[in-house]
Amino acid sequence: MRNLLTDIAGIAVGHATDLAAGTGATAILFDEAVTASAVIPGGAPGSRDTAMLEPEMTQQKVNAFVLSGGSAYGLDAAGGVQAWLREHGRGLRMRDALIPVVPQAILFDLLNGGNKDWGRFSPYRDLGWAAAVAAMHSDFALGSVGAGTGATTATVKGGIGSASMKLPQGYTVAAIVAVNAVGAATIGDGPHFWAAPYEIGSEFGGRGLPARFTANLLTPR
């Protein structure tokens, strides 16, 4: 177990990172189409092909997921991943047509200082293709890579995170997330993470929680 999404067999993850633009894309590929569902909260979500994952829809399986920066421009990344899947014969077969099913979600990183003056067409389709190619490697990086390249939080840099756990019943549960939060990941001005009670090993530095909090639970003493 590496504490990654890829601890589940049949899943591959790849990143494409553009440091000059301060953005990127992440492809999550499945060896075989998998059953999927989606919940889309928030006041201004950005996604592609997620409505078909609602419980009442008939399409139940997907070939990949894509996470990307770029806000609405980033939705082009799924097209790059879709092209890679089609070249490799993966997708929904309908008579002579092959349609890779690739839902996507994006985050807003357009104001992070990177050079977003990319001309007529955005780079995200190419980033999606490159992320799919990169997924052929056995491991993937965490932090400021792929969709998390330009991600931020209120107090520290955002980025890509992943975790996994094997349950006593034998099942493995895993997750991947691109964190681009308005809120704070750490408590006050200190180094302690709000998620410290859920730390596995020393993945957050092993600091735990502060010994004491102020009444408003924002600043450690």
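A strand here is a DSSP run of E with at least two residues, and strands are numbered from the N terminus. The model treated in these exercises is predicted.

**Exercise 1. Place leucine 92 in the fold and describe its surroundings at the surface.**

Step 1. Strand β5 covers residues 92-94, and leucine 92 belongs to that strand.

Step 2. Buried means under 20% relative accessible area and exposed means over 50%. Leucine 92 has 31% relative accessibility, so this residue is partly exposed.

Step 3. Leu92 joins Met94 and Ile99 in a nonpolar surface patch. Together the three residues have about 240 Å² of accessible area.

**Exercise 2. Describe the overall build of the chain.**

Step 1. The chain contains 2 helices and 9 strands. Read from the N terminus, the order of elements is β-β-β-β-α-β-β-β-α-β-β.

Step 2. For 221 residues, a compact globule would have a radius of gyration near 17 Å, and the 19 Å of this chain agrees with that. Along the principal axes, the C-alpha atoms fill a box of roughly 65 × 50 × 35 Å.

Step 3. Buried residues make up 37% of the 221 in the chain. The exposed area is about 12400 Å², of which carbon and sulfur atoms supply 56%.

Step 4. Take the contacts between residues at least 6 apart in sequence: 65% of them join residues at least 24 apart.

**Exercise 3. Find the salt bridges and state which parts of the chain they connect.**

Step 1. The criterion is a side-chain nitrogen of Lys or Arg within 4 Å of a carboxyl oxygen of Asp or Glu. The structure has 2 such salt bridges.

Step 2. One pairs arginine 2 with aspartate 7, with 3.6 Å between the closest N and O atoms. Another pairs arginine 2 with aspartate 139, at 2.2 Å from N to O.

Step 3. Arginine 2 sits in the segment before β1 (11-18), while aspartate 139 sits in the loop between α2 (124-134) and β8 (159-166), so their salt bridge ties together parts 137 residues apart in sequence.

Step 4. Arg2, Asp7 and Asp139 are thus members of a salt-bridge network. Arginine 2 is partly exposed at 39% relative accessible area, and aspartate 139 is partly exposed at 43%. Aspartate 7, at 17%, counts as buried.

**Exercise 4. Work out which elements build the largest nonpolar core, and look at one of its members.**

Step 1. The largest nonpolar core has 18 residues. The members that touch the most others are Leu29, Ala64, Val66, Val81, Leu85 and Val102.

Step 2. At least two residues of this core come from each of β1, β2 (23-35), β4 (61-68), α1 (77-87) and α2. Helix α1 gives the largest share, 5 residues.

Step 3. Set aside residues up to four places away in sequence; leucine 85 then touches Leu29, Asn63, Ala64, Arg90, Pro100 and Val102.

Step 4. A separate core has 16 residues, including Leu4, Val13, Val101 and Ile176.

**Exercise 5. Characterise lysine 157 and its contacts.**

Step 1. Lysine 157 lies in the loop between α2 and β8. With 44% relative accessibility, lysine 157 counts as partly exposed.

Step 2. Contact requires heavy atoms within 4.5 Å. Leaving out neighbours within four places in sequence, lysine 157 contacts Ser144, Gly148, Thr149, Gly150, Ala151 and Thr152.

Step 3. Glycine 143 is 14 residues from lysine 157 along the chain, and their C-alpha atoms are 8.5 Å apart.

**Exercise 6. Examine aspartate 49 and serine 71, two residues with positive phi.**

Step 1. Aspartate 49 is not a glycine, yet its phi is positive, at about 55°. Serine 71, likewise a residue other than glycine, has a positive phi near 55°.

Step 2. Aspartate 49 is in the loop between β3 (47-48) and β4. Serine 71 is in the loop between β4 and α1.

Step 3. Which of the labels buried, partly exposed and exposed applies to aspartate 49? Its relative accessible area is 38%, so aspartate 49 is partly exposed. Serine 71 has a relative accessible area of 18% and is therefore buried.

Notes: Residues numbered from 1 in each chain as written. Predicted model: local features only at pLDDT ≥ 70, side-chain atom pairs only at ≥ 80, totals over all residues. Heavy atoms only, no water. Patch = residues over 30% accessible without salt bridge, like charges linked within 9 Å, V, L, I, M, F, W, Y side chains within 5 Å. Areas by Shrake-Rupley, 256 points an atom, 1.4 Å probe, with all protein chains shown as cover. Helix = DSSP H or I, 4+ residues; strand = E, 2+ residues; numbered from the N terminus. Buried < 20%, exposed > 50% of the residue type's maximum accessible area, 1.4 Å probe, protein only. Rg over C-alpha atoms; globule rule 2.2 N^0.38 Å. Core = buried A, V, L, I, M, F, W, Y, C linked by side-chain atoms within 4.5 Å.
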